[in-house]
Number of protein chains: 2
Amino acid sequence: MLDDAAAGNTIPKDDFTAAVPDLRVRLLNAQFDLSSADFAVVVVLAGDDRLGANELVNRLNEWLDSRFLDTSVFTVPEGPELARPAFSRLWDALPPAGRMSLWVGGLMRQVRAHLDGEVTEAELRRWCDHLRRTQEAWIADGALVLKFYLHTPAAVQKKRYKKRRKRDDAWRYDHRDWEMARSLDAAVPTIETVLRETSVTGAPWTIVEGTDKRYRDLSVARTILAALEARLASPPPATAAGVLEQFADLDQQATVLDHVDLSATVTKDDYRAELARLQGRLHRLADRARRRGVSTVLAFEGWDAAGKGGAIRRITPALEAGDYRVHAVAAPTEEERRYHYLWRFWRDVPRDGRVAIFDRTWYGRVLVERVEGFASPAEWQRAYDEILDFEAQLVEHGVVLAKFWVHISPEEQLARFEARRDTPYKKYKITEEDYRNREKWDAYVAAVDQMVVRTSMPDAPWHIVAGNDKRYARLAVLREVVAGLERAVG
Amino acid sequence: MLDDAAAGNTIPKDDFTAAVPDLRVRLLNAQFDLSSADFAVVVVLAGDDRLGANELVNRLNEWLDSRFLDTSVFTVPEGPELARPAFSRLWDALPPAGRMSLWVGGLMRQVRAHLDGEVTEAELRRWCDHLRRTQEAWIADGALVLKFYLHTPAAVQKKRYKKRRKRDDAWRYDHRDWEMARSLDAAVPTIETVLRETSVTGAPWTIVEGTDKRYRDLSVARTILAALEARLASPPPATAAGVLEQFADLDQQATVLDHVDLSATVTKDDYRAELARLQGRLHRLADRARRRGVSTVLAFEGWDAAGKGGAIRRITPALEAGDYRVHAVAAPTEEERRYHYLWRFWRDVPRDGRVAIFDRTWYGRVLVERVEGFASPAEWQRAYDEILDFEAQLVEHGVVLAKFWVHISPEEQLARFEARRDTPYKKYKITEEDYRNREKWDAYVAAVDQMVVRTSMPDAPWHIVAGNDKRYARLAVLREVVAGLERAVG
């Protein structure tokens, strides 16, 4: 695979000089058109030729308008980056629709870490798997992902360094480059595996030979230009139509919500005693989790007026004010809409030792967005897998993840709506739309059922909480949060 | 000052219960109106009563709509926060126009650090000074800043903890709270000094007694409501009219640009040799700076077509790709416009060991925005002091800061414009507006002169670079960058 690319391609200087002016004009034109387009562009540059990659980055920044090109270099992750799941930094660097980002590095380090025994075979596979799924999510969302692997045969690299030794700019290469050249041939099989495993439909790796600089720069720039022009000229191929709705005749079937015993209650005295006990326990566990750098993500979904906020307000007083953030999730803003829908949730993934509480979550994609038609069937149907991969990355990083569906009966909901209407400051929490949403109760039940069935994992199960009795629900939630932390740090 | 506040204020339960519903409705109304207003609200909560502050935070999150209230708790700064100037995290947490943030903590830690001898008297004064200036900048920009110091006399705190000892929720207080109560009386003089030093016109500290919870919560919420309603009802007092333009009859005077010898040149051979030497030296120094955690900020201003980009492209090849970012500064986006103009530059302050290169900078405020009238005289005139304080914070943090004005003659500029017109891919860099801007040359000269005179500091001087010969200019810039790093890590 890599050998095939090392065909000794070169481009004569005159041809290069003749080609560049037109190429630059077209690149700038395409970049300009991109600014008003509804997709983002990620150009990934990996390879075994560090100096070549640096030169290529400088070249692309010269040929393109660098004001509209964000370059991110993924060096060895440091403190703040290590405190969150590995791919956080990819999501942080993701461009919004209309912009182009150039990403450099990351792949060879993973290969090297595997060869050095720091990363096991299984870990490397998992890394490739997450990377593939992440790309698939972006591409399905419309992103144009262009990936280049810059390959310069070891013999060529060595010769180049030897020649440079006598020159003024010998400082440009150092021991890392020698080591790379020395160990490259042994690494090729692993590199090829990683390239294969991280190729996805719509975003294969383009292997570029780095022996001749002019060939290298022209072929990368031309590939970017061709892909960008093609994409600007025509919309992406329609995403696969939604698969057949497997739960279409749901009203014939029992759902997970049918099993919830909504009659459960707790007396006021028992509630008070148990609340104090659980909050005290939670406080001690949260303290230990912070010291051990274990972070926690609590995801709350449930019917309107089910009591999510009340449950959250029984958790937070047991935490240190600086340790947690509550994210009340509303409809995405104009800016957020320019990214993949998971982007804003990745942004709020807590760093090690912290707690993030989501009042409504990424599951909006398969609940409200599905039921209201804000997401197409193809979009919400692929969301299950996207969410599973997101949560798997949290769990693998060591995050304690608990997901709650707070359940109430339609009758209880109606009674609460009426009570809200009669309380001046609660009127704000109730609109005509809330009443209209009640008509879609069955559609939501179907969506909740499918969500729970498809996204329950051993390390990230759904907890269906009986909410008709608020006190009972609050204790049930607290108990699960405590249990989750017990398992992690108890 | 604090004693005066400890007057034993209480509010009976019935009065509290009667007052709350109306208060909540009005708070929610004001919050709703804020969402379409053109100013931001920062509510700062400091104090000596940690538990009281936590309760108050929960209370405000209950009374206000927490979806539109961002709570930031400033705990002991950790890794990523220590790697940037201290106030970076305030700027990071700054809300945009239309939103409200609740900031908790930070002040007592500074007091305590001083009393423990970790922070000298001079450092404490400087901290207060930066805090005052920062607030002044935000307030002048339209922000509503409301500051509360929650004071509960030591005797009251001790009594409260003793009483709690026997209760189920004894976990709520810990050794920190006892220590605070024990050492509070001795700390009062320092607290009072800090409160005095950080009070600014338009944002004094409101001292709230925390002995009675109902009094505490009601008085804070009412103060927020009154200030917010008043501000929503009427625009802020007009900012002071611009001071008299001291450089009005500038064309009679010599300017700093008059002294620049634009005839300086360098031969191609000398250039090549010197470039390689300087880049090699820069590479070694940058490597050392990274290892020592010293960060660098390079600020480039200059006439259109002066060669800023070319100079920057001679610096970056000497740096490791992962260590630097080039920020090409264009007009602020819609989102950026909702913040103080320095916000986006604070966002890009590099962390320790990294390099940030700005192609156009925060000086746009006193250059293009002044000359084109995008900023009012009051706005650009106060910008000098705001910028000085920003840069002083960088320098105090240990950042190597170098500022360049790349200077060319009007004739040279015209020649370059014409040349650009004749190069297909450079046409993009030239518009009719560029030609029109030439008519304002003298106004820009005046603005540059005043900028250089008012914002040159020993640790952050302006370097005026003769740019008519591009090669000469590139070497001059490189030399200054190398010299700055030599002083810091040489």
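**Close-up views of a predicted model**

**Figure 1. The meeting of α12(A) and α19(A), residue by residue.** In this predicted model, the α12(A) side of the contact is made by Gly310(A), Ala311(A), Arg314(A) and Ile315(A), which meet Lys470(A), Ala473(A), Arg474(A), Val477(A), Leu478(A) and Val481(A) of α19(A). Sorted by class, the residues of this contact comprise six nonpolar, one polar and three charged.

**Figure 2. The geometry of the same helix pair, α12(A) and α19(A).** Helix α12 of chain A covers residues 308-315 and helix α19 of chain A covers residues 470-489, and the two pack with their axes 9 Å apart at an angle of about 50°. Because an angle of this kind is neither under 35 degrees nor within 65 to 115, α12(A) and α19(A) are oblique to each other. The crossing that α12(A) makes with α19(A) is right-handed.

**Figure 3. The two domains of chain A and the place where they touch.** Chain A is divided into domain 1, which takes in residues 2-233, and domain 2, which takes in residues 250-489, and the C-alpha centres of these domains of chain A lie 40 Å apart. Where the two come together, 15 residues of domain 1 of chain A are in contact with 15 residues of domain 2 of chain A. On the domain 1 side, α5 (88-93) and α7 (121-140) of chain A are the elements that give two or more residues, and α7(A) provides the largest share, with five residues. That side of domain 1 of chain A is made up of ten nonpolar, two polar and three charged residues.

**Figure 4. The contact between chain A and chain B.** Each partner takes part with a stated number of residues, 37 from chain A and 37 from chain B. On the side of chain A that touches chain B, at least two residues each are supplied by α2 (13-34), α3 (50-63), α4 (79-82), α11 (268-292) and β7 (324-328) of chain A, and α11(A) gives the most, with six residues. By class, this side of chain A holds 17 nonpolar, eleven polar and nine charged residues.

**Figure 5. Chain A as the setting for the close-up views.** Chain A contains 19 helices and ten strands, and its C-alpha trace spans about 85 × 50 × 40 Å along the principal axes. Of the 490 residues of chain A, 39% count as buried. Among the contacts in chain A with a separation of 6 or more, 85% are accounted for by residues 24 or more positions apart.

Technical notes:
Residues numbered from 1 in each chain as written. Chains lettered and ligands numbered in written order. Predicted model: local features only at pLDDT ≥ 70, side-chain atom pairs only at ≥ 80, totals over all residues. Helix = DSSP H or I, 4+ residues; strand = E, 2+ residues; numbered from the N terminus. Buried ≥ 20, exposed ≤ 12 C-beta atoms within 10 Å, placed from the backbone. Contact = placed C-beta atoms within 7 Å. Nonpolar A, V, L, I, M, F, W, Y, C, P; charged D, E, K, R; others polar. Domains from an automatic or database assignment. Axes fitted to C-alpha atoms, helices over the stretch in contact; angles between N-to-C directions. Parallel < 35°, antiparallel > 145°, perpendicular 65-115°, else oblique. Left-handed = near helix turned anticlockwise from the far one by under 90°.
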